[in-house]
Amino acid sequence: MKSLSTYIQQRLTLQLGLLILLIVGLVFSAFLSYVFYQTRQYAKREAINHATLVLDTTELHINTIMDEVEAATTSMEPLILEHLNPDSLLAYSRRMLEQNPGVLGFTIAMEPDFFPERGRLFSAYSLRRGNSIVTINENNYEYFERVWYKTPREQQKGYWPEPYIDEGDGVLTSSEYNYSYCKPLFDSRRRIIGVLCTDMLLKGISEAVTKIDAYPNSSAIMLSHDGRYIVHPDTAKLVRETIFSDPDPQAQHDVIRLGESMLAGQSGMQQMIVDGQDAYVFFRPLKRTGWSIAIVCPASDIFHNYYQLLFSVGTIIGISLIILLILCYQSIRRSMIPLNQLALQTQHIAEGHFEEPIFPSQRQDSVGRLQNSFIRMQQSLHKHISEIRRINDEMEKRNQELVRASQLVQEADQQKTAFVQDMSHQIRTPLNIINGFTQVLSADYHSIPDDELSDIITRMRSSAKTLSHISRMLIVSSTTNSERLNGKQTTFSCNALCQEAITSIIPMNPDTVSISVKTDLPDDFTIHSDREALLFILGELLNNANKFTQEGSITLACSQTDSQTVTFAVSDTGIGIAEGDRERIFTQFTKVNNFTEGIGLGLSLCQRTATMLGGDLVIDTSYQEGSRFLLKIRIL
């Protein structure tokens with residue numbers, strides 16, 4: 001971004017073009033913002049009109065269904081009043097279902113003791129079960145306090161109760177969601193003698209609502225008087241849950257406000273978040289039932305055409321502005337060519353290119369005279385700058401040599417200090433152990449138990465071995481590349497050498513680490529080399545693996561790579577070596593971790609020894625479980 005800003009600042013033609021583009025863009029932006037605002041408002045008004053039309057159509061369809069139910073119920077009333085006897089009522093209850101295939105059940109419930117000979121209760125009830133109709137007299141079903149009976153009796157008019165699942169104590173029940181129309185039955189003197197109740201499957205009216213296709217991704221819901229879902233895309237919420245049950249936490253306030261408006265019988269539109277997306281909800285009451293219906297329309301559907309228009313117009317305007325910018329740039333650029341040439345020449349001189357010739361200008365105006373003046377200045381400066389540059393180059397070269405020498409001295413001093421400190425620590429630790437145990441033995445030798453005495457001797461020998469190992473490492477490191485550690489060449493068994501190397505290792509974590517030898521060679525397979533030197537290298541590699549492996553295994557493997565080479569592989573499951581440290585681990589006096597034992601000579605001496613034996617020691621970079629070193633030795 002910084003380079004782009006610098007580029008623009010250095011191009012006057014581009015600055016002028018951008019300025020013109022900015023002015024035009026601001027004018028276009030103001031105009032288009034107003035146009036798009038009005039277009040969005042128009043799309044919003046169209047969505048409201050469309051949703052209102054869909055709601056009108058849906059309400060008309062629902063009212064048609066309810067009109068049919070009310071008409072069918074009312075049509076049975078004269079027949080029932082004409083033949084008020086139990087058998088006729090049972091027959092009429094059944095006939096209602098036979099004549100109206102969409103009716104689930106029909107009840108003719110009479111007032112208490114209306115038929116004394118049949119007892120206090122008499123209710124003729126027919127229920128559709130598949131392709132058959134069952135009709136019974138529910139004389140043990142206390143229905144007088146039921147909403148479907150009590151409410152129309154008290155209001156003395158037809159009533160649409162809440163949808164429900166018929167799980168009452170009647171003989172016949174339905175496991176599906178129902179809705180009912182209940183109408184009081186009057187005699188000739190306008191006295192209530194019973195209640196007629198027509199049951200319909202809720203899925204019928206639900207299908208009518210779910211067929212609402214206001215937009216491709218729109219959906220519909222319908223609420224009962226108490227806010228229960230009569231229609232919902234998620235059928236698991238029907239009747240059993242209300243709009244207030246589990247609103248989305250992000251839109252909880254809007255959902256509650258929508259539910260309160262719908263239950264209050266209001267009509268309108270509300271913008272809210274539905275399933276994480278911006279949406280518009282259009283709702284209105286169904287006045288006949290007191291229920292409320294709503295359409296949920298995603299904003300992406302409502303403003304789909306608007307967004308397409310916005311994208312199309314934006315693309316056209318963007319392309320137009322780019323073309324305008326190019327035209328402005330080219331026009332101004334042609335006018336600025338002489339000045340650009342002069343600026344380029346001036347910059348070239350400022351960068352120190354005094355020796356390159358500048359062609360004179362043939363123009364007679366101010367720009368031409370200025371360019372020719374620069375030519376004369378360049379020629380005058382070239383002579384002086386060339387000499388100054390030569391002197392500076394010589395001084396810079398000498399300064400660099402001094403700085404490098406100073407750095408080498410400083411690095412050597414730091415390396416010497418670090419090595420001396422580390423060597424002091426490595427020697428002082430075993431000496432302290434030996435001195436400490438010497439004082440213990442001299443003070444009270446005879447009272448020390450045998451097992452403790454054995455442990456003390458073992459530790460003193462280990463410390464002495466450490467001192468001997470450090471001393472040997474220092475002696476070996478002082479030899480020249482032409483010298484060998486021993487120089488004695490013998491013929492020996494590879495497998496025997498590996499077993500001896502493994503035996504010399506005392507496991508630091510014997511309970512969690514196993515040390516083993518794996519060989520592809522027969523026991524009588526021999527090589528001719530410096531046995532002690534090889535044993536030294538393998539011992540150092542195994543000691544390092546033993547030091548840095550807390551659990552797992554340490555393996556010494558031996559195999560014949562080809563007819564002239566044998567490869568010894570020491571692998572472990574320890575902490576491994578970081579990729580950035582693999583190049584420097586073979587450098588003398590270098591330790592990856594300054595807090596570990598050792599003086600940083602082991603791996604460098606091992607590699608040097610391997611080279612003197614005509615072989616090579618490398619780290620296996622493909623091994624990922626810890627560390628693996630490969631020692632390749634020629635057989636002859």
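Modeller: A residue counts as buried when its relative accessible area is under 20%. The model in question is a predicted one.

Colleague: How do you know that Cys197 is buried?

Modeller: The relative accessible area of Cys197 is 2%. The limit is under 20%, so a value of 2% meets it and Cys197 is called buried.

Colleague: Why does Cys606 count as buried?

Modeller: Cys606 has 0% relative accessibility. That value is under 20%, so Cys606 is buried by the rule.

Colleague: What makes helix α13 mostly covered?

Modeller: In α13, which spans residues 602–612, 9 of the 11 residues are buried. Among them are Gly602, Leu603, Cys606, Arg608 and Met612. After α13 comes Gly614, with a positive phi near 85°.

Colleague: How many disulfides does the rule give?

Modeller: The count is 0 disulfides. For Cys197, the nearest cysteine sulfur belongs to Cys182 and is 3.5 Å away. A disulfide needs the two sulfur atoms within 2.5 Å, so Cys197 and Cys182 do not qualify.

Colleague: How many aromatic pairs does the structure hold?

Modeller: There are 10 aromatic pairs.

Colleague: Why is the pair of Tyr143 and Phe144 called tilted?

Modeller: Their ring centres are 4.4 Å apart, and their planes meet at 50°. Centres within 6.5 Å make a pair, and 50° is neither under 30 degrees nor over 60, so the pair is tilted. Both Tyr143 and Phe144 are buried. Ring pairs also join Tyr143 and Phe144 with Trp148 and Tyr149 in a cluster.

Colleague: What makes the pair of Trp160 and Tyr179 stacked?

Modeller: The centres of Trp160 and Tyr179 lie 6.0 Å apart, with 20° between the planes. The distance is within 6.5 Å and the angle is under 30 degrees, so the pair counts as stacked. Trp160 is in the loop between α4 and β4, while Tyr179 is in strand β5, so the pair ties together parts 19 residues apart in sequence. Trp160 and Tyr179 are both buried.

Colleague: How do you know that Arg190 lies over the face of Phe186?

Modeller: Arg190 is at 3.8 Å from the ring centre of Phe186. The distance limit is within 6 Å, so 3.8 Å meets that part of the rule. Arg531 also has its charged end over a ring, that of Phe492, at 5.9 Å from the centre.

Colleague: Which residues make the nonpolar surface patch?

Modeller: Leu19, Leu22, Ile23, Leu26 and Val27 make the patch, which covers about 500 Å². Ile23 belongs to helix α2, residues 12–82.

Notes
Residues numbered from 1 in each chain as written. Predicted model: local features only at pLDDT ≥ 70, side-chain atom pairs only at ≥ 80, totals over all residues. Heavy atoms only, no water. Buried < 20%, exposed > 50% of the residue type's maximum accessible area, 1.4 Å probe, protein only. Helix = DSSP H or I, 4+ residues; strand = E, 2+ residues; numbered from the N terminus. Patch = residues over 30% accessible without salt bridge, like charges linked within 9 Å, V, L, I, M, F, W, Y side chains within 5 Å. Areas by Shrake-Rupley, 256 points an atom, 1.4 Å probe, with all protein chains shown as cover. Salt bridge = Lys/Arg side-chain N within 4 Å of Asp/Glu carboxyl O. Lys NZ or Arg CZ within 6 Å of the ring centre and 35° of its normal.
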